[in-house]
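Let's take a walk through this fold, one piece at a time. Keep the viewer open and follow along.

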Amino acid sequence: MNIEKHIEDLRKKAKGNSFSILAERCVTSDDAPYRIKKAKPIKRDDVVVLCIAGYGGNEIFLKGYNSMLKKVDGFVKEEFGGKPRVVVAVSEFGKFHDHRFARRAMHCKVSWPKHYEELKRSVDEKHFEETFNPKYIRDIFDEVLKPRIQDDNGNRFELDEALRNVRKVNIVAHCHGGYVAMVLEEMMKKRMDELSYSKAEQKKVIEQLLVVGYNPDCPYVVSDTKFIGIVSSQDRSNRYNNYMREWLLMKPHIFGVGYMPKRWGRTLIGDMVNSSWGEVKEIGEDADFFKPQKGVSEHEFLGFESMDGMSKTGELLQHFGANVLYNGIDNSLKQDKKFVQITNIRTLTARNFGDRVLFAKSAIIGYKLEKMLEKVDKKEIDAYANWRRSIPVVTLD
């Protein structure tokens, strides 16, 4: 069945609730003119690369999902052939899931718990479930992750088997997709509690899930997954950042790529992705706001090939991201009868000695940025962040 027809059927059945399906690339046909189709069922032992896109509008923007899928699928096929499954979660948020509110609530849950409780009380009953336990994320969990922690009879696996199963899943997320990955993590913890996995077992299993997050809009510093952020310091799309990100927005610095350790969320952060960043552009009466702007967006640079107008920093961020995904998949393919633990970020970012040198330089840059930040008045950064978040945002949803 044509994927668009399948989506329309699901939309009628959903009655305003959210939903997701998994899609994969295919050969061109009458039913799949854009080379995308509903994915075949995921098997428990499949090595999977799950793509989770950002927000693309109130209704499904299939072209956008296909664009992300094509980039990741092309890279994986070139490096590994057809063995790993590459799928994208195609999601419709429905009438009751406010994606901006949901992300704001998650940030508050981590940083301002009292405000989070106030936010929860402000949500009416009709929207509550779809706000805090949305069906579209549950659909992804049921198809990809739940079968990795329980058998067909609903019983838990022995720890070693659960570790191998989950280690075969790698997630590539962008923006809102980072939030989705963290909700999937919460769902895993809840289900593993119900299955009587101990807290120690849960942590061991969940940290085998690799998430490569491009400009993720979520507080991934608290994630127990192997969540690695690939971000631009000049991305202004995410409204809630840590002190480091807000400081670099307030006072941009030229530094290349720095690595910020776990206390900052295992983040590879670049000074700028667009090579023409900082240019002053005059906007006259004849300005065409719908004409593509020069260079690549600081928010949307996910890919594995250099884009027009991309800086050397952007290329290095892409290189690190590609290495992390490559090494994650390579490790997944080693999971046979014996569990092989995912490596640390220093190893994940490298495929040769030159890469190890690049990461070492990035770690030194990150350390220097931390030392510079220590001398900055945090009240000044707070004031800037509050001002930035107060600016009205106009969207074209």
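## Starting from a central strand

V48, in strand β3, stands opposite R85 in β4. Keep in mind that this is a predicted model, and then use that pair as a way into the sheet. β3 and β4 run parallel, with four bridges joining them. Turn to the other neighbour and you'll find that β3 also pairs with β5, again in the parallel sense, this time over five bridges. A handy spot to look at there is L50, which stands opposite I171 in β5.

How many of the residues of β3 are buried? Five of its five, so the strand is mostly covered, with buried here meaning under 20% relative accessible area. The side chains split between two directions: V48, L50 and I52 point one way, while V49 and C51 point the other way, and all of them are buried.

Now zoom out. β3 belongs to an open sheet of nine strands, ordered β2-β1-β4-β3-β5-β6-β7-β9-β8, and the pairing is mixed. At the edges sit β2 (36–38) and β8 (257–260), each of which pairs on one side only. On average, neighbouring strands in this sheet are turned by 25° against each other, direction ignored. As a reminder, strands of a sheet pair through backbone hydrogen bonds, either parallel or antiparallel. For an antiparallel case, go to the β2 end: β1 (residues 19–25) and β2 run antiparallel and are joined by three bridges. One pairing to click on is R25 with its bridge partner I36 in β2.

What lies across these strands? Helix α2 (residues 62–80) lies across β1, β2, β3, β4 and β5, and runs at about 165° to β4. Helix α6 (residues 135–149) lies across β1, β3, β4 and β5, and its angle to β1 is about 60°.

Next, move along the chain to helix α13, residues 353–374. Its 22 residues reach 32 Å from first C-alpha to last, close to the 32 Å expected at 1.5 Å a residue. Which of its residues are buried? The list is D355, F359, S362, G366, L369, E370 and L373. They cover an arc of only 100° around the axis, which is why they end up on the same side of α13. The general background is that an α-helix has 3.6 residues a turn, so residues three or four places apart point the same way. On the other side of α13, F353, K361 and K368 are exposed.

So what covers that buried side? The cover includes α10 (243–250), β8, β9 (267–270), α11 (312–332), α12 (345–348) and α14 (378–390). The N-terminal end of α13 has a cap as well: a side-chain oxygen of N352 lies 3.1 Å from the backbone nitrogen of G354.

α14 can be read in much the same manner. It has 13 residues and reaches 18 Å from its first C-alpha to its last, close to the 18 Å expected at 1.5 Å a residue. Its buried residues are I381, Y384, A385, R388 and R389. Because they cover an arc of only 130° around the axis, they sit on the same side of α14. What covers them includes α10 and α13. At the start of α14, a side-chain oxygen of D377 comes to within 3.0 Å of the backbone nitrogen of K379.

Now for some backbone geometry. Most residues other than glycine have a negative phi. S196 has a positive phi of about 70° although it is not a glycine. You'll find S196 in the loop between α8 (176–194) and α9 (199–206). N215 also has a positive phi, near 45°, and it isn't a glycine either. N215 lies in the loop between β6 (210–214) and β7 (226–232). Are these two buried or exposed? S196 is exposed, with a relative accessible area of 56%, whereas N215 is buried, at 0%.

One last stop is R164, in helix α7 (residues 159–167). With a relative accessible area of 16%, R164 counts as buried. Leaving out residues up to four places away in sequence, R164 touches Q335, D336, K337, K338 and F339.

Note on methods. Residues numbered from 1 in each chain as written. Predicted model: local features only at pLDDT ≥ 70, side-chain atom pairs only at ≥ 80, totals over all residues. Heavy atoms only, no water. Pairing = 2+ DSSP bridges. Axes fitted to C-alpha atoms, helices over the stretch in contact; angles between N-to-C directions. Contact = heavy atoms within 4.5 Å. Expected span 1.5 Å × (residues − 1). Buried < 20%, exposed > 50% of the residue type's maximum accessible area, 1.4 Å probe, protein only. Arc of directions from axis to C-beta. Polar contact = N/O pair within 3.5 Å; in protein donor to acceptor, adjacent residues only side chain to side chain.
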